[in-house]
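Welcome! Here is a short tour for anyone meeting this structure for the first time.

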Amino acid sequence: MRRQARVKFIGRVQGVWFRAFTADRAQADGLCGWVRNLPDGSVEALFEGEEKSVRLVIEKCRQGPPSARVEQVDIAWHPASGEHTAFVIRH
């Protein structure tokens with residue numbers, strides 16, 4: 001089943017290649033959506049695809065790249081919208 005997850009990663013996640021890491025993982029698993037930095041120092045991502053793949057990518061991102069430290073992950077699940085055709089880094 002296709003699902004969408006809007007995820008906020010909190011911790012040391014900016015300035016440590018977290019967005020690129022997230023995009024690489026999402027693209028490798030065939031997900032669509034985006035990732036962006038937020039003004040409060042967290043990173044927000046929207047993942048859309050097969051629920052199993054979305055869950056797997058969220059867990060990979062929970063580990064993050066070596067210099068990141070993810071302290072909290074907030075997830076809001078929604079039905080897939082189908083509006084995204086690729087996974088991109090938003091600036």
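Two residues are in contact when heavy atoms of theirs lie within 4.5 Å. The model shown here is predicted.

Let's begin with glutamate 50, which belongs to strand 3 (residues 43–50). Setting aside neighbours within four places in sequence, glutamate 50 is in contact with Met1, Arg2 and Leu31. A polar atom of its side chain lies 3.0 Å from the backbone nitrogen of methionine 1. Glutamate 50 is partly exposed, because its relative accessible area of 41% falls between the cut-offs of 20% and 50%.

Now for the sheet. Its 5 strands follow the order 4-1-3-2-5, forming an open sheet with mixed pairing. Strand 4 and strand 5 (87–89) each have a single partner strand, so one side of each is left without a neighbour in the sheet. From one strand to the next, the twist averages 15°. Strand 1 and strand 4 are antiparallel partners, joined over 10 bridges; glutamine 4, for example, has histidine 78 in strand 4 as its bridge partner.

Two helices meet this sheet, as the table shows.

| Helix | Strands touched or crossed | Angle |
|---|---|---|
| Helix 1 | strands 1, 2, 3, 4 and 5 | about 170° to strand 5 |
| Helix 2 | strands 1, 3 and 4 | about 150° with strand 3 |

Finally, the largest nonpolar core has 22 residues, of which Val7, Phe9, Phe18, Phe47, Ile58 and Cys61 touch the most other members. Strand 1, helix 1, strand 3, helix 2 and strand 4 each give two or more residues to this core. Among the contacts of valine 7 are Phe47 and Ile58.

Notes:
Residues numbered from 1 in each chain as written. Predicted model: local features only at pLDDT ≥ 70, side-chain atom pairs only at ≥ 80, totals over all residues. Heavy atoms only, no water. Helix = DSSP H or I, 4+ residues; strand = E, 2+ residues; numbered from the N terminus. Buried < 20%, exposed > 50% of the residue type's maximum accessible area, 1.4 Å probe, protein only. Polar contact = N/O pair within 3.5 Å; in protein donor to acceptor, adjacent residues only side chain to side chain. Core = buried A, V, L, I, M, F, W, Y, C linked by side-chain atoms within 4.5 Å. Pairing = 2+ DSSP bridges. Axes fitted to C-alpha atoms, helices over the stretch in contact; angles between N-to-C directions.
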